[in-house]
Amino acid sequence: MVSFVSTVPSFLAVVPAPSSTTSRHPVNVGIVCCKIEVDNVQRHGFRRRDMLHGIGATIGMDVMARSCLYVEVANAADLIQRRQRSEFQSSVKATLATAIKGNPDLIPPILTLALNDSVTYDKSTKSGGPNGSIRFSSEISRPENKGLAAALNLLEEAKKEIDSYSKGGPISYADLIQYAAQSAVKSTFLAAAIKKCGGNEEKGNLLYTAYGSNGQWGLFNREFGRSDAQEPDPEGRVPQWDKSSVQEMKDKFTALGFGPRQLAVMSAFLGPDQAATEALLATDPDVSPWVQKYQRSRETVSQTDYEVDLITTLTKLSSLGQQINYEAYTYPVQKIELSKLKL
């Protein structure tokens, strides 16, 4: 006689019904104990090894099913966090766009504010960068940041509104300043499209939707979760753009890992008068070809070369030396206690 004990009800269906002479206990959904005549097992084609293999497969499938369930839960939680960040990001952009639309004269200082907060980055020490340190009074009052206080004040007011509806904590100044630059850049692109349509806003919006490079912001949008510095960045890392020579500007961009091309495309960030800045940059043989290229591009309907290169450069500048927290601004999620899981 061969004894067999099974606690897996799902396997019972494949076991042939024993005869009345071999059954000790009735079948139930808990523990089944039975004795099966060897010749009876052989007659039906079952062996103990076959049964054990079947039991192992059943248990394995059950574990896999449960594991898949937990993976699905994890994926669902990840999707929820992504949606939360996306929704919050959209609200931030809307708030900043409204603030900038009401203060178009502050667009140039907003762009310079974002640039100056970024170019404090030092590759040798891995310090500085777009970390919001420019918010400190001792830094915003430096000569290179002259005229930027009004832009910072505007963003601080926008921050109050953003923090009031944020469910995942206050927005960092580092993110706030870079996203304000994005909104300012978009507003200039849109303004150019409206101008090409004779000042008609509706047609200008349609033109930019059809030919603009809005889709190029994908990487910039993912870099959402910068941390704020807790003290001002060191002095002497940011040039006074309006008093710098082209060579000094080139040297600074080179130190950050950029070249004449990126310097030319960032002309709008280098002072309040873009035309004057470009006229100065055009005196340098290395930068001049790029200045002319972007001037020609801005005259086209799509402005593709100018827009794509500007978005790409701003994206790189806005993430120099930053460790992005991709879980920032998400709501607290309920944690699964693994000790209470039962397989």
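A salt bridge here is a side-chain nitrogen of Lys or Arg within 4 Å of a carboxyl oxygen of Asp or Glu. Keep that handy for the exercises below, and remember that the model is predicted.

**Exercise 1.** Work out what the salt bridge between D175 and R226 links, and whether its two partners are buried or exposed.

*Solution.*
- Start with the distance: the closest N and O atoms of D175 and R226 are 2.6 Å apart, and the cut-off is 4 Å, so the pair counts.
- Next, place the partners. D175 sits in helix α6, while R226 is in the loop between α8 (218-222) and α9 (246-255), so the bridge ties together parts 51 residues apart in sequence.
- Now the accessibility, where buried means under 20%. D175 has a relative accessible area of 0% and R226 has 3%, so both are buried.

**Exercise 2.** Check the length of helix α6 against its residue count.

*Solution.*
- α6 covers residues 173-196, which makes 24 residues.
- The expected span is 1.5 Å times one less than the number of residues, so α6 should span 34 Å.
- In the model, its end C-alpha atoms are 35 Å apart, which agrees.
- As for its surroundings, 17 of the 24 residues are buried. Just after the helix, G198 takes a positive phi of about 70 degrees.

**Exercise 3.** Take the R82 and D78 pair in helix α2, and explain why the spacing suits a salt bridge.

*Solution.*
- The N to O distance for R82 and D78 is 3.1 Å, and their side chains meet in a salt bridge.
- They are 4 residues apart in α2 (residues 48-101), so about one helical turn separates them.
- An α-helix has 3.6 residues a turn, so residues three or four places apart point the same way.
- R82 is exposed at 54%, and D78 is partly exposed at 31%.
- E87 and R83 also form a salt bridge, at 3.9 Å, and they too lie 4 residues apart in α2.

**Exercise 4.** Decide whether buried E144 has a salt bridge, or none.

*Solution.*
- Find E144 in the loop between α4 (137-140) and α5 (149-165).
- The nearest side chain of opposite charge is R142, 4.4 Å away. The cut-off is 4 Å, so E144 has no salt bridge despite being buried.
- Leaving aside neighbours within four places in sequence, E144 is in contact with N116, V238, P239 and Q240.

**Exercise 5.** Classify the crossing of α12 (residues 288-298) and α13 (residues 304-317).

*Solution.*
- Their axes come within 7 Å and cross at roughly 120 degrees.
- Roughly perpendicular runs from 65 to 115 and roughly antiparallel starts over 145, so the two helices are oblique to each other.
- Residues making the contact include K293 and Y294 of α12, plus T304 and D305 of α13.

Note on methods. Residues are numbered from 1 along each chain as its sequence is written. This is a predicted model: local features need pLDDT of at least 70, side-chain atom pairs count only at pLDDT 80 or more; totals for chains, interfaces and linings use all residues. Side-chain values use heavy atoms; hydrogens and water are left out. Buried means under 20% relative accessible area, exposed over 50%, partly exposed in between (1.4 Å probe, protein chains only). Lys and Arg count as positive and Asp and Glu as negative; His and the chain ends are not counted. Contact means heavy atoms within 4.5 Å. Axes are lines fitted to C-alpha atoms, for helices over the stretch in contact, and angles run from 0 to 180 degrees between N-to-C directions. Angles under 35 degrees count as roughly parallel, over 145 as roughly antiparallel, 65 to 115 as roughly perpendicular and the rest as oblique.
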